[in-house]
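Welcome, and please open your viewer with a cartoon view and a residue selection box ready. Could you walk me through this model, one selection at a time?

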Amino acid sequence: MNIESLLSEADPALNVRIPDPNPLDARMISDSSTGSNARRVRSTYRFTGQHRITSKLNDGIRRPAVLAALAVLVTAAIVVPITVGHSGPPRTNTTPGVSTPTQGVWSLAGYISQPGWQASSASGPLPTTQQFTLQLTCPTLATCYSSGTNFQNHEKTQGVISVTHNGGANWRQSLAPGDGTYFYGFSCPTANTCMAAGDVPNSKTHPSLYTTTNGGESWTSLPMPGLNELPIFLSCATALKCATIGLLQTPTAPTPTSYFTANGGQSWEPSALPPSFFPSGNDQPALDCFPNGHCVAAGTSGSGPLGQGSASMIYSTDDGATWVSASVPPMTATSGLMSCSDDNHCLSIESSNDSNGYQIASGELVTNDGGLTWSMIPATELASLSASVPMSFDSITCPTTTDCWATTHLIESECNGTCPYVPDQAVMMATSDGGLTWKTEQLPLPPSASLQYVSDYPVYCVSATDCRAVGTLELTKSASDAGLPWVQQDVVLTFNGGPVTGVNDTSKS
Amino acid sequence: MVTPQASRENNAKFEALYQANYKPIYAYVHRRALQSSSDVPDIVSEVFAVAWRRIGDLPPSPQDRLWLFGVAHKCLLEHHRRWSRRLRLLSHLEVQPNRVELLESSVDPQHLRVQAALQELRSFDREVLLLVYWDGLSHAEAASVLGCSVNAVALRIKKAKARLQIQLDLASPSPDSSKDTSSIPITPKEQLS
């Protein structure tokens with residue numbers, strides 16, 4: 001058989017039943033120019049994510065008609081005429097909190113995947129390789145490691161770790177196994193030492209622990225336990241001591257698992273997790289271990305990642321060899337974003353599904369005793385910033401017991417027609433009183449009026465005056481509507497704090 | 001200010017566009033989103049939402065279909081970011097079989113072999129083959145979608161097919177298949193894509 005015939009017959013679309021176009025769907029798109037539909041719909045991908053999770057972990061039943069109808073409704077929200085013209089930094093219809101926690105300024109430091117590439121309305125074609133950054137950790141002011149995926153095409157992406165040794169201005173790709181590996185847990189105890197847990201999806205092979213001890217110049221890999229396990233979280237207190245919490249894929253449902261090593265991954269021992277604990281299913285780390293053997297992890301008592309349940313916290317005093325359930329006030333949660341400034345002080349923003357299926361904050365949990373007991377801060381302190389527009393939290397970092405930064409995005413489809421077309425609008429929030437009050441931070445102006453931030457995570461703060469974040473720029477609605485070339489680019493943001501009172505008695509923020 | 005007459009015309013234009021292009025666009029998206037096929041209806045809706053917003057900019061038929069392919073490409077990029085960030089873990093945890101409504105219960109292993117070989121090609125090589133052999137575009141239409149000349153498409157197809165054949169040979173080694181894809185040189189012009 002010749003190559004043309006082989007190609008034609010291998011068309012995957014021949015094996016699916018493509019639905020007929022429904023005139024009603026077209027009409028719903030074109031008729032949805034009033035704002036009334038916008039309130040009832042949700043962001044497409046966020047919703048399908050929730051729906052898919054539920055389907056996979058609970059019933060597994062496909063309801064294409066429901067999805068298709070909701071997709072049209074979502075589309076209806078997108079085409080709602082909206083107020084455009086704003087091309088400056090992200091902003092919200094919010095009133096800053098009562099505190100003034102941070103005095104500093106965020107600035108645009110560089111581009112993580114395309115050195116020298118300048119984002120502008122005339123930037124031309126897309127970069128041929130693009131990194132979607134998922135995790136960021138900065139052991140020192142100068143050195144940061146990022147973990148993400150390198151986009152080659154829609155079916156072929158790979159995990160990639162990049163490193164900067166000059167504060168985020170220049171990055172280089174440090175590790176890209178090229179065999180389909182994705183990176184999950186990611187931990188860098190020192191500037192030279194970094195570990196990442198990688199796994200090739202559906203390969204039925206052991207996950208691997210990748211380690212560098214020379215600042216990312218070279219990496220070695222060792223097999224990790226489990227043939228069918230995903231080491232979601234990894235925290236290495238030192239170059240030798242690491243703990244991991246992951247999920248074992250079984251025919252019925254994923255099961256939480258935990259292992260620890262005291263010899264840099266040469267060997268691993270299993271540890272038992274409390275039965276009520278399920279690790280949070282997000283990209284951001286929610287496990288933190290310290291050299292004195294203390295570990296804290298955030299999760300839920302739900303039935304799986306993003307399964308609605310209650311916040312569940314666990315702690316260990318022996319490097320993750322044994323785990324104990326903490327005393328936690330009842331709080332509805334599907335996932336937790338946790339950051340510990342030291343082995344005693346941690347703050348977690350808990351999120352749960354709202355009535356429309358969005359992931360919004362349900363409150364904060366704070367511990368001052370190493371995770372043994374947690375106190376609750378109601379969500380009103382976070383929700384008050386978002387006014388009528390729901391926020392979904394993406395990452396958190398707490399360099400001190402009182403200072404934290406959290407990245408969020410506005411959920412545009414509940415904006416009643418006033419949000420930009422771009423799917424998300426990034427917001428950076430900060431607290432200087434341990435999460436009691438929060439305020440929004442000003443992000444630097446995008447390099448072009450046609451661009452805006454759609455995300456500003458992951459964020460990592462080395463100290464209360466030095467932070468890094470990787471944001472994403474995309475076209476504004478007006479630029480998109482004007483037919484400007486598509487732009488999607490990760491950019492590095494840096495926060496440089498300073499004295500409370502800056503030059504000439506003016507605040508630096 | 002859009003007059004009622006213009007509004008009616010836009011509606012009619014959009015509905016005709018939707019009817020004529022829904023299936024090709026659905027297939028286009030499906031072919032390129034195999035990892036997340038349950039999201040295909042959403043992505044297709046997004047494509048047509050963009051088309052509605054820019055109804056005044058739409059080129060006349062049959063160029064409008066090519067324009068939609070371009071929009072679909074961008075929507076797929078956006079989808080990839082969402083999928084990559086939010087659903088990556090969960091998709092890997094999937095315990096249920098693919099929920100796309102398959103016409104056949106099994107897929108020909110040879111087809112899978114060809115699809116796998118396609119994934120080994122460089123993106124532009126793969127895309128030009130898909131546009132011509134799967135999406136059914138002529139060389140001129142593919143050139144329009146890709147923004148290059150017809151001659152470039154023809155040349156690219158020739159080289160892409162050769163590279164695909166090599167990939168297939170590598171997957172099923174035969175005595176004379178010792179060469180690899182690097183034996184087909186990549187020219188500076190090709191690098192542009």
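The stops below take you through chain B and then chain A. One thing to keep in mind throughout is that this is a predicted model.

**Stop 1: chain B as a whole**

Select chain B and colour it by secondary structure. You will find eight helices and zero strands, and reading along the sequence gives the pattern α-α-α-α-α-α-α-α. Chain B has 193 residues, and 42% of them count as buried. Among its contacts with a separation of 6 or more, 59% are between residues 24 or more positions apart.

**Stop 2: helix H7 of chain B**

Now select residues 150-171 of chain B, which make up helix H7. This helix has 22 residues and spans 31 Å from its first C-alpha to its last, close to the 32 Å expected at 1.5 Å a residue. Which residues of H7(B) are buried? Show side chains for Ala152(B), Val153(B), Arg156(B), Ala160(B), Lys161(B), Arg163(B), Leu164(B), Ile166(B) and Leu168(B). Note that the list includes Arg156(B), Lys161(B) and Arg163(B) alongside residues such as Val153(B) and Leu164(B).

What do these buried residues pack against? Within chain B, add helix H4 (109-119), helix H5 (123-134) and helix H6 (139-146); from chain A, add helix H1 (3-9).

**Stop 3: two helices crossing H7**

Keep H7(B) on screen and look at its pairing with H5(B). Two packed helices are described by the angle between their axes and the distance between the axes. H5(B) and H7(B) pack at an angle of about 105 degrees, with their axes 9 Å apart. That angle makes H5(B) roughly perpendicular to H7(B). To see where they meet, select Phe124(B), Asp125(B), Val128(B), Leu129(B) and Val132(B) on the H5(B) side, and Val153(B), Arg156(B), Ile157(B), Ala160(B), Arg163(B) and Leu164(B) on the H7(B) side.

Next, swap H5(B) for H6(B). The axes of H6(B) and H7(B) come within 8 Å and cross at roughly 105 degrees, so these two helices are also roughly perpendicular to each other. Here the meeting residues are His139(B), Ala140(B), Ala142(B), Ala143(B) and Leu146(B) from H6(B), with Val150(B), Ala152(B), Val153(B) and Ala154(B) from H7(B). Val153(B) is one of the H7(B) residues that meet H5(B), and Val153(B) also meets H6(B).

**Stop 4: around Val47 of chain B**

Centre on Val47(B), in helix H2 (residues 40-53) of chain B. Is Val47(B) buried or exposed? It is buried, because 25 other C-beta atoms lie within 10 Å. Leaving out residues up to four places away in sequence, Val47(B) touches Ile25(B), Leu68(B), Val71(B), Ala72(B) and Cys75(B). You can also draw a distance from Val47(B) to Phe69(B): they are 22 residues apart along the chain, and their C-alpha atoms are separated by 8.7 Å.

From here, move along to the loop between H2 and helix H3 (63-92) of chain B, where Pro62(B) lies. The peptide bond from Ser61(B) to Pro62(B) is cis, with omega near 5 degrees.

**Stop 5: a sheet in chain A**

Switch to chain A and pick out the four strands that form an open antiparallel sheet in the order E20-E21-E22-E23. Its edge strands are E20 (335-340) and E23 (375-378), each pairing on one side only. The twist averages 25 degrees from one strand to the next. Zoom in on E20(A) and E21 (residues 346-353), which pair over six bridges. One bridge to show is between Cys340(A) and Cys346(A).

**Stop 6: the nonpolar cores**

The largest nonpolar core has 101 residues, and those with the most contacts inside it include Met195(A), Ala196(A), Leu287(A) and Trp405(A). A second, separate core of 50 residues takes in Tyr22(B), Ala33(B), Ile43(B) and Phe48(B), among others.

**Stop 7: two backbone details in chain A**

Most residues other than glycine have a negative phi, and most peptide bonds are trans. Select Asp319(A), whose phi is near 65 degrees, a positive value. Asp319(A) sits in the loop between strand E17 (309-316) and strand E18 (324-325), and counts as buried with 25 C-beta neighbours inside 10 Å.

Finish at Pro458(A), in the loop between strand E28 (451-455) and strand E29 (459-463). A cis peptide bond joins Tyr457(A) to Pro458(A), with omega about 5 degrees.

Conventions
Residues are numbered from 1 along each chain as its sequence is written. Chains are lettered from A and ligands numbered from 1 in the order in which they are written. This is a predicted model: local features need pLDDT of at least 70, side-chain atom pairs count only at pLDDT 80 or more; totals for chains, interfaces and linings use all residues. The expected span of a helix is 1.5 Å times one less than its number of residues. A residue is buried if 20 or more other C-beta atoms lie within 10 Å of its own, exposed if 12 or fewer, and partly exposed in between; C-beta atoms are placed from the backbone. Two residues are in contact if their C-beta atoms, placed from the backbone, lie within 7 Å. Two strands pair if DSSP finds at least two bridges between them. Axes are lines fitted to C-alpha atoms, for helices over the stretch in contact, and angles run from 0 to 180 degrees between N-to-C directions. A nonpolar core is a set of buried Ala, Val, Leu, Ile, Met, Phe, Trp, Tyr and Cys residues joined through C-beta atoms within 7 Å. Angles under 35 degrees count as roughly parallel, over 145 as roughly antiparallel, 65 to 115 as roughly perpendicular and the rest as oblique.
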